[in-house]
Amino acid sequence: MTAKSKESRPGGRSARVRAAVHRATVELVQEVGTDKVTIPAVARRAGVNPSSVYRRWGTTSALLADVAARRQDEGTPELLGDLRKDLEQAAVWTLTDLSRPGGVAFFRAEVAPDVDERRAGLRECLERVSTRFHAALEAAARRGETTPELAQVLDRVVAPLYFRVVFSIPETDEDYARALVTELYDRHTAAADPAPAPTTGVRTGRSAHETPARPRDTRLNGPGPR
């Protein structure tokens, strides 16, 4: 077995180095912010050679993106077999991931100053978030349920959560995340199964919204013409 294969095997030195570097990166982001995180500082905190970090990640942006991806993969909730509950779980988990220490900082790090890096980072972030919700939608579709489009989920659930967390809007909590899902789910259910038009059971020749004329009261005017 070569030295490279020893370092690459699960639980080997490579895994330990990655864990140490990730842990050091998270600690530094929480302490000084992403703008001041450097690879030499991360290496010093992790107790590894800076060349090892450069060789594996290349740039600070790539390291931050890798940490963000790993954090989003941790603790992903199991599907419950109910579309509404599964979407709620995914929404709450997305909010939790953004709200924990360093969460927004890692997202902002993915919005890199370089145009190409920014596009790549946002694309990867979108793919990770989409996968979480897509799993719930795909499972519901296999059960024969009609589901909203993934784009609708991103527009009505994910986008508001990111917007409110990034701009620190108050009352962005689990109840708010669940309310977003409820609104989307109810809207989709109503569109998929519209209620029948109301009927009176007797044809009167009037529109359903037309108010019938009140009968004339002749008691105050005396009897009509003889």
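Exposed here means over 50% relative accessible area. The structure shown in these views is a predicted model.

**View 1. E171 and S168 in the loop between helix 9 and helix 10.**
With a relative accessible area of 68%, E171 lies above the 50% cut-off and is therefore exposed. Its phi is near 65 degrees, a positive value in a residue that is not glycine. S168, also not a glycine, has a positive phi of about 55 degrees. The loop that holds S168 runs between helix 9 (150-166) and helix 10 (174-192). S168 counts as exposed because its relative accessibility is 61%.

**View 2. The aromatic pair of F163 and F167.**
A search of the whole structure finds 1 aromatic pair. The ring centres of F163 and F167 are 5.0 Å apart and the ring planes stand at 45 degrees, so the pair is tilted. A tilted pair has planes neither under 30 degrees nor over 60 degrees apart. F163 is partly exposed, with a relative accessible area of 46%, whereas F167 is exposed at 56% relative accessibility.

**View 3. R164 over the ring of Y176.**
The charged end of R164 is placed over the Y176 ring, at 4.3 Å from the ring centre.

**View 4. Packing of helix 6 against helix 10.**
Two packed helices are described by the distance between their axes and the angle between them. The axes of helix 6 (residues 83-99) and helix 10 come within 9 Å and cross at roughly 145 degrees. The crossing is right-handed. On helix 6, the contact is made by L83, R84, L87, E88, A91, V92 and L95. On helix 10, the contributing residues are E174, A177, R178, V181, T182, Y185 and D186. By class, this contact of helix 6 with helix 10 has 8 nonpolar, 1 polar and 5 charged residues.

**View 5. Surroundings of A140 in helix 8.**
A140 belongs to helix 8, which spans residues 115-142. The relative accessible area of A140 is 0%, so this residue is buried. Leaving aside residues up to four places away in sequence, A140 touches L83, E145 and T147. A140 and L83 are 57 residues apart along the chain, and their C-alpha atoms are separated by 5.9 Å. L83 is also one of the helix 6 residues in the contact with helix 10.

**View 6. Packing of helix 2 against helix 3.**
Helix 2 (residues 13-32) and helix 3 (residues 39-46) have axes that come within 8 Å and cross at roughly 115 degrees. Helix 2 passes helix 3 in a right-handed crossing. The helix 2 side of the contact consists of A20, V21, A24, T25, E27, L28 and E31. The helix 3 side consists of A41, V42, R45 and A46. The residues of this contact of helix 2 with helix 3 divide into 7 nonpolar, 1 polar and 3 charged.

**View 7. Surroundings of T25 in helix 2.**
T25 is located in helix 2 and takes part in the contact with helix 3. T25 is buried because its relative accessible area is 0%, and buried means under 20%. Not counting residues up to four places away in sequence, T25 touches V42, L63, L64, V67 and F106. Among these, V42 is a residue of helix 3 that helps make the contact with helix 2.

How values were computed
Residues are numbered from 1 along each chain as its sequence is written. This is a predicted model: local features need pLDDT of at least 70, side-chain atom pairs count only at pLDDT 80 or more; totals for chains, interfaces and linings use all residues. Side-chain values use heavy atoms; hydrogens and water are left out. Helices (H or I, at least four residues) and strands (E, at least two) are DSSP runs, numbered from the N terminus. Buried means under 20% relative accessible area, exposed over 50%, partly exposed in between (1.4 Å probe, protein chains only). Contact means heavy atoms within 4.5 Å. Axes are lines fitted to C-alpha atoms, for helices over the stretch in contact, and angles run from 0 to 180 degrees between N-to-C directions. A crossing is left-handed if the near helix is turned anticlockwise from the far one by less than a right angle, and right-handed if clockwise. Ala, Val, Leu, Ile, Met, Phe, Trp, Tyr, Cys and Pro count as nonpolar, Asp, Glu, Lys and Arg as charged, and the others, Gly among them, as polar. Rings of Phe, Tyr and Trp (its six-membered ring) pair if their centres lie within 6.5 Å; planes under 30 degrees apart count as stacked, over 60 as edge-to-face and the rest as tilted. A charge sits over a ring if NZ of Lys or CZ of Arg is within 6 Å of the ring centre and within 35 degrees of the ring normal.
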